[in-house]
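Reader: Please take me through one part of this model in detail. I want the central sheet and whatever it leads to.

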Amino acid sequence: MKHLLIAGGGIAGASAAYFAARSGWAVTLLDAGEGRASDVPAALLNPVRGQSGKVEALSLAGLRFTFALIRELEAAGHAVPHAQSGVQRPVPDEKTRRKWVANLPAELPHRWHDPAGLPPGWHSVLEIPEGGWVSGAALVRALVAASGARVMRGRVATVMASGAVLDGGEILCADRVLCCGGSFGGEGGTHRAGSLLLLNKAPTQPVSFGAYLSPAIHGGVLGATFEAPAESHAEALALGLPLKSLDWLLCKGAALSGLSGVEVAGHWTGVRLSPLDCGRDESGVWHLSGLGSKGFLLGPLLAQGVVEQLGLPI
Ligand SMILES: Cc1cc2nc3c(=O)[nH]c(=O)nc-3n(C[C@H](O)[C@H](O)[C@H](O)COP(=O)(O)OP(=O)(O)OC[C@H]3O[C@@H](n4cnc5c(N)ncnc54)[C@H](O)[C@@H]3O)c2cc1C
């Protein structure tokens, strides 16, 4: 049996572990246990991105793939709190709506309706019925458990095509090595922090423009990745959740739902990395990282693609 060593156990590494194990690899999943963006309490699965309304080529396939994967895990007895309840994307004016309409591919099921039930100020609402949310931590946990991978806590210091050296000097050998370190493990790229406020209640459906409000396992969340871009994970995290950001987030939330009677029970902060790094480098090490704000939309689909290539002759 061939041995795959994966460094990083977020949605990228956990998905790769799951698909690799299913394809007959013996998998070791090594995780530093710090700075995991995939622990996001509620991740939206939303193919219509940001305020530009762009829809990337793989988005619809990724959306369907992730929800199918969640159903597969649940059928196998793993609890993955989620809902494919649809996502609401309100737009502020006719100009934005026209821009989004121009971006929407015909094959993406959607409908436009009035902003009934939202606070005043919205022009109309795009609803994507196949969208929804998932507990990031629960999906990762389920993937790792279902993979049966050997899980180790530790930090990779040096990677090679045939293994890795850990911080303490231990050497692990493998037939293939896949790096899925996300922002915590990423050198270079753009690191952007954001926070989620944990709320005692939330709308029944996720709603998103600028920030997002979503149901979660307990109550709901209000969040976004909104801090200034930084050059490293540590630099991105250094700010914590400044009062200015908290104020910005609460204003965005109030515009989306009014927030009356909503209590904040805590907050979660994470850092995402971009751009995407997917494939094999010149030294023979494989990478899946830099998933940006689409880790749950594209991560599992891309991981399956990487795993399919791992066994090909080099
Ligand atoms: C506030 C916020 C909101 C978000 N909302 C959404 C959303 O709504 N929808 C969505 O799809 N995405 C969302 N994202 C983005 C998503 O969380 C990320 O794209 C995704 O989690 C990245 O997954 P990953 O596996 O690449 O990295 P991570 O989840 O960061 O995992 C990397 C893991 O690798 C480990 N590691 C790093 N270096 C090493 C090393 N050298 N050795 C061993 N282990 C190592 C780390 O400890 C970590 O556990 C959000 C992100 C944030 C911050």
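How many bridges join strand S2 to S9, and is the pairing parallel or antiparallel?

Author: Four bridges join S2 (residues 26-31) to S9, and the two strands run parallel. First, the ground rules. This is a predicted model, where local features need pLDDT of at least 70, side-chain atom pairs count only at pLDDT 80 or more, and totals for chains, interfaces and linings use all residues. Residues are numbered from 1 along each chain as its sequence is written, and side-chain values use heavy atoms, with hydrogens and water left out. Strands (E, at least two residues) and helices (H or I, at least four) are DSSP runs, numbered from the N terminus. Two strands count as paired if DSSP finds at least two bridges between them.

Now the sheet around S2. Six strands form an open sheet in the order S9-S2-S1-S13-S20-S19. The pairing is mixed. S9 (150-153) and S19 (277-280) are the edge strands, each pairing on one side only. From one strand to the next, the twist averages 20°. Such angles run from 0 to 180 degrees between N-to-C directions, with axes fitted as lines to C-alpha atoms, for helices over the stretch in contact. Back at S2, Leu30 stands opposite Met152 of S9. Helix H8 (residues 295-310) packs on this sheet. H8 touches S1 (3-7), S13 (176-179), S19 and S20 (286-289), where contact means heavy atoms within 4.5 Å. The direction of H8 makes about 175° with that of S20.

S2 and H8 also lead to the ligand. Both are among the elements that give two or more residues to the shell around the ligand. The shell holds 41 residues, and the closest are Asp31, Glu34, Ser38, Leu44 and Gly292. A residue joins the shell if one of its heavy atoms lies within 4 Å of the ligand. By class, 19 are nonpolar, 17 polar and five charged. Here Ala, Val, Leu, Ile, Met, Phe, Trp, Tyr, Cys and Pro count as nonpolar, Asp, Glu, Lys and Arg as charged, and the others, Gly among them, as polar.

Next, the polar contacts, which are pairs of N or O atoms within 3.5 Å; within protein, one must be able to donate a hydrogen and the other to accept it, and residues adjacent in sequence count only if both atoms are side-chain atoms. Asp31 places a polar side-chain atom 2.7 Å from an oxygen atom of the ligand. Gly33 uses its backbone: an N or O atom there lies 3.5 Å from a ligand oxygen. A polar backbone atom of Gly295 is 3.3 Å from an oxygen atom of the ligand. Taken alone, the ligand exposes 1000 Å², and the protein buries 96% of that. Accessible areas come from the Shrake-Rupley method with a 1.4 Å probe; for residues, only the protein chains shown count as cover. Other elements giving two or more residues to the shell include helix H1 (11-22), S3 (43-45), H5 (182-185), S14 (190-199) and S18 (264-274).

S18 has two backbone features on its flanks. Most residues other than glycine have a negative phi, and most peptide bonds are trans. Leu259 has a positive phi, near 60°. Leu259 sits in the loop between H7 (243-257) and S18. The peptide bond from Ser274 to Pro275 is cis, with omega near 5°. Pro275 lies in the loop between S18 and S19, and S19 brings us back to an edge of the six-stranded sheet.
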